[in-house]
Amino acid sequence: MSLQAVLPDTISGLLGLEGVLGDVVGGLVGAFLVANIMLIMTAFAGPWAKRKITAAFGDRIAVNRIGPFGLLTIVTDAVRLLSKELIVPEGVDRPAWDLAPIVIPFSALLGFAVIPMGNGIQLADPETGLAFAFAAASIASLGIVMTGYASNNKFSLIGALRAVAANIAYEIPLVVTAASVVIFAGSLRMSEIVAVQAEPLLSVAGVTIPTWFAFVNPFAFALFIIANLAEVGRNPFDIPEAPTEIVAGYQTEYSSVYFVLIYLGEFIHIFLGGAIAATLFLGGPAGPVLPGFVWFTIKIWAFFLFTQWARSAVPRLRVDQFLEIGWKGMLVLSFANLVLTAIIVGVIV
Amino acid sequence: MSLEEQQSDEPAELESGVSRGDELADLLGDLVVGREEHMNAPGLVIRPDEVQDALFKLRDEAGFDHLSCVTAQEYEDRYESIYHLTKFDDRTDEVSVVVPTSKDNPVSQSAEPVFRTADWHEREAYDLVGIQYEDHPDLRRILLPETWQGHPLGLDYDQDRPQIATLREHANPLEEDHRAGDSNTMYINIGPHHPATHGVLHVETVVDGEQVVDLESDIGYLHRCEEQMCQQGTYRHQIMPYPDRWDYISAGLLNEWAYARTAEDLADIEVPEYAQIIRTMSAELCRIASHMIALGTFALDVYGDFTAIFMYAMRDREIVQNILEDLTGQRMMFNYFRLGGVVWDLPEPREEFFEKIRDFLDGLPQALEEYHDMITSNEILQARTVGTGVLPPEVAKSYGATGPVARGSGIDYDLRRDDSYGYYDELDWDVVVEDGCDNFSRLLVRMREVEESAKIIQQCVDLLEDWPEDERNIQANVPRTLKPEEDTEIYRAVEGAKGELGIYIRADGTDKPARFKIRSPCFSNLQTLPEMSEGEYIPDMIASLGSLDIVLGEVDR
């Protein structure tokens, strides 16, 4: 199949630049664009959409005073958060404490380098794209561990330990479930996974249903979404933060800009989780009528909405129950899914 | 005394002509060195070094299994501790064990080995009055800071003396870091600033990983000298506003009733039936509002913040608040009860007011259905709450737990029925009991009690609607100044939102009480937290704390 040109090449082509200069300029401009697309989405999601969604679940109205639908709250919140005093507690482990809020959002942004967003927006398309996305997403855990031990706060420490335990318990089912898709697609390359899903599965009354893996293997999709919820730390798996138990978990000691960065990281992480789910199971940017990028946006926002719904309506598990479900439930099911898929693919295809 | 009250204390005469006091005095034999008559119960005077013997006998042989309250006070010539004993099975069977101690050596034997609840009550007595309890496991100040000088409810306490304590003298909570030792435990301060402590509660917790090894509640942050303030107010009007401020989360009228009942019994005031019905109705509205908050905040503790269920509970509570606002003119500090009745009649037009209540009652089953769908039938919530925070009935009794906490442990005890007041015994309703003893049971008890309260309100509205217009008597004739006779003592309790809310008053012949003691249900209930949480995980400890439904304003008073 023909690979679409990746975004840096398109940009350097448009600018008429060749060779190393073209690669560098195209890469930087492309990365700048993609990062900003995600940051803008986060700006909508964090101060505005999250409030509106939570309020809708709780029969409230939420922000509606500044701007249409309260949209300018985004601006006022940015000013408010950035102008707050950055409080550095005594006894924090300085370089680590400062680095963590940078590691958390940028690791999540890094994951978007390989995500095909439609309309040719994809920074890179390496053969090992999927592995790269998971690897990048997992770096955030490193950042969380840094916050945990560098904060010199016991709540932070407990939160960080919980995050590590959660990460190990849920990263494995997540990756193993994704591997079942790879068996179907026969490739780790993101663009190929998307391309495979474009083929028609069956036709019902003139409507063609594509071979999105969510349709082919709904069981794997459900498993993946649940593991993904744990990966991004939302109810019922929000134990690393667990506000009513351990105050704010690993981010207890962070304020002002650092707080913004960590929060940014969490939202980008949710979007990255949604993006990986969309790419693996929902045909990536594919969809009727509307352009690919719009469909991609709809899909990741749908995942965001789902996390917020869970947050409003589902109780939090206790940490031991959480690990029990991860190790004794999810892991077993994901391997069962993998073996079954392998057998089916081996026999039929 | 120029008042027309007949202060004849009537000891409960039994058929044989022997009073209950004589019977119990016979049981204790030589332990009794004197007799008193309190308005609610016979008083047996015991020597300070024989408290445990007497209490053990009363508990094991006469069945007094509920130490409701410990009142301490100072007289000109002596200190005195009063143990108000009663029974979970028969609330009206009461006895006061009076333990005088000398001025120069105020040492009395502790009741803690008999009733665990005496632990905190005696600490409070030591803190505020200055009686020392021998054999007490942990006699420290409880409401005031460790560094406080003097005992504020003692007679020679100088209020004007400045309390100067340097920072250095205060205990440093970080010192017990357990870092130096080679143990694997960690010391955490949960609170006083923590999202789940429901106020300013400080729980000193020692954890081993995620498991709670040891915990201790540090209270007193919200101590506002309520008892002393009440002692400086006149019976007739000046005390009634204070009860609103004890359990300030919607339970104001229930608290006011505690004072109203005590003072009315003390001054022998008869409340008109019509006013009793209004009281019953409005108090149950308060109970619904209070239980809604309990439900919502418990959901917060288990679900995490920003949950839909909290907002749903607030939404339904808001309707109750509006009804109460129509009735009393206030949303929080109602000040609606008066001695001998209520301050004013139902708001006009009455039809509209009844309509509002009926609309609320009609919508309630659906709202509760919704809660059950979202909370109690949720599998994750059940996994979190069933079998966690277990409080066995025997332990609950020993700690003097009452209200939904006791009823969640299978103790069938409700003052509205067992020591009836107001209009409750005329109405048709049930006491809700669940015997799971865990967090889930306590949650269920509150949700089902809302239904029972709705039943009561429904009946009250029916009665009020048909009440003849010329018989709407909201207020008995009460003298302008109340001066109960000197040395009359009374301890009376009502079923508050959180449990047994009792008040002890000793009159000294003036228009102000000489001693005003508040028995807070939250204070006793909170004591059970270590029993529920030790060995459990931190999240379960938080859930147990939520299921106790404490209000720090009432714990600290």
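I will go through the confidence of this predicted model, the contact between chains A and B, and one helix pair in chain A.

Residues are numbered from 1 along each chain as its sequence is written, and chains are lettered from A, with ligands numbered from 1, in the order in which they are written. Because the model is predicted, local features need pLDDT of at least 70 and side-chain atom pairs count only at pLDDT 80 or more, while totals for chains, interfaces and linings use all residues.

On confidence, the model scores ipTM 0.80 and pTM 0.85. Chain B has a mean pLDDT (the predictor's confidence in each residue, from 0 to 100) of 86, with 94% of its residues at 70 or more. Over residues 1–15 of chain B, however, the pLDDT is below 50, and this stretch has 24 contacts in the model beyond near neighbours in sequence; two residues are in contact if their C-beta atoms, placed from the backbone, lie within 7 Å.

Turning to the interface, 25 residues of chain A are in contact with 29 residues of chain B. On the chain A side, two or more residues come from each of helix 2 (19–57), helix 10 (243–246), helix 12 (292–313) and helix 13 (319–348), helices being DSSP runs of H or I, at least four residues, numbered from the N terminus.

Within chain A, the axes of helix 9 (residues 218–232) and helix 13 come within 10 Å and cross at roughly 145 degrees, where axes are lines fitted to C-alpha atoms over the stretch in contact, and angles run from 0 to 180 degrees between N-to-C directions. Among the contacting residues are Phe219(A) and Leu223(A) of helix 9 and Met330(A) and Leu333(A) of helix 13.
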